[in-house]
Amino acid sequence: MKYSDNCTVVDHPLVKHKLTQMRRKDTSTAEFRALLQEISLLLGYEATRDLKLTDEPIETPLAKMDAPVLEGKKLVLVAILRAGQGILDGMLQLVPSARVGHIGLYRDPKTLMAVEYYYKVPNQLADRDVIVCDPMLATGNSAVAALNRIKRSKPGSLRFVCLLACPEGLANLREHHPDVHVITAAVDEKLDEHGYILPGLGDAGDRLFGTR
Ligand code: URA
């Protein structure tokens, strides 16, 4: 479902149900991790909808045919550390041949601005389709910083997959990266004064890794 010109909300009963389980404060770390992986498969299905295909001659046990295969260079998935790893695990089940990058960003608790501490992505990003993964599009500052950094390598296309977004984060992304489409499970109401999404699900990294 199109939420706005830069955002698609994946409107599916399984996505809604799994997200509700993830939001519950009593959901265990193991359940949260499994649910994030499952939901990421469904988000990834939508995020890869536009991948280009080309026909290749193959032989089935019965006949020859031209059959569609993914065209061109391998997809690149980039996880924003640390919670992006949870989405990456699900997406890799869907596209096991994807190349993988990581960007380490932490949020300065006073300014809420993103500070980079790690950057390792495949060398050849030029012309490749890149999907950036981070569960929470909150202020959008980490997403903007990650996309700024990746754009230096001139990728062919860029998409952003998250579990939850909010209007503030989407507006920030639209202002700085209007060309990047966001695929999410839901758009929540607003940010609180600490930059957390409300009603949200709390700190996605803590819930994923049990560091609460
Ligand atoms: N990061 C999180 O983990 N949760 C939020 O609500 C916002 C940012």
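**Exercise 1.** In this predicted model, find which residue of strand 10 is the bridge partner of cysteine 133, and then place the two strands in the sheet.

*Solution.* Begin with the pair itself: cysteine 133 has valine 161 in strand 10 as its bridge partner. Next, look at the strands that hold such pairs, and note that strand 8, residues 129-133, runs parallel to strand 10, residues 157-161, with five bridges between them. Finally, widen the view to the open sheet, in which eight strands follow the order 1-2-12-10-8-5-6-7 with mixed pairing. The edges of this sheet are strand 1 (2-4) and strand 7 (114-120), each of which pairs on one side only. On average, and with direction ignored, neighbouring strands are turned by 25 degrees against each other.

**Exercise 2.** Determine which strands helix 3 touches where it packs on the sheet.

*Solution.* Locate helix 3 at residues 84-94, and then follow its contacts, which reach strand 5 (76-81), strand 6 (99-107), strand 8 and strand 10. Comparing directions, one finds that helix 3 makes about 155 degrees with strand 5.

**Exercise 3.** Identify the residues that stand opposite isoleucine 183 and histidine 181 in strand 12.

*Solution.* On one side, strand 2 (residues 7-9) runs parallel to strand 12 (residues 181-184) and is joined to it by three bridges; here threonine 8 stands opposite isoleucine 183. Strand 10 is also parallel to strand 12 and joined to it by three bridges, and in this case arginine 159 stands opposite histidine 181.

**Exercise 4.** Decide whether aspartate 127 is buried or exposed, and do likewise for lysine 154.

*Solution.* Start with the backbone: most residues other than glycine have a negative phi. Aspartate 127, in the loop between strand 7 and strand 8, has a positive phi near 70 degrees, and lysine 154, in the loop between helix 4 (141-151) and strand 10, has a positive phi near 55 degrees. Now apply the cut-off, by which a residue with 12 or fewer other C-beta atoms within 10 Å is exposed. Aspartate 127 has 12 and is therefore exposed; lysine 154 has 10, so this residue is exposed too.

**Exercise 5.** Find where the cis peptide bonds from leucine 81 and from leucine 198 lead.

*Solution.* From leucine 81 the cis bond leads to arginine 82, with omega near 0 degrees, and arginine 82 is found in the loop between strand 5 and helix 3. From leucine 198 the cis bond leads to proline 199, with omega near -5 degrees, in the loop between strand 15 (197-198) and helix 6 (204-209).

Note on methods
Residues numbered from 1 in each chain as written. Predicted model: local features only at pLDDT ≥ 70, side-chain atom pairs only at ≥ 80, totals over all residues. Pairing = 2+ DSSP bridges. Helix = DSSP H or I, 4+ residues; strand = E, 2+ residues; numbered from the N terminus. Axes fitted to C-alpha atoms, helices over the stretch in contact; angles between N-to-C directions. Contact = placed C-beta atoms within 7 Å. Buried ≥ 20, exposed ≤ 12 C-beta atoms within 10 Å, placed from the backbone.
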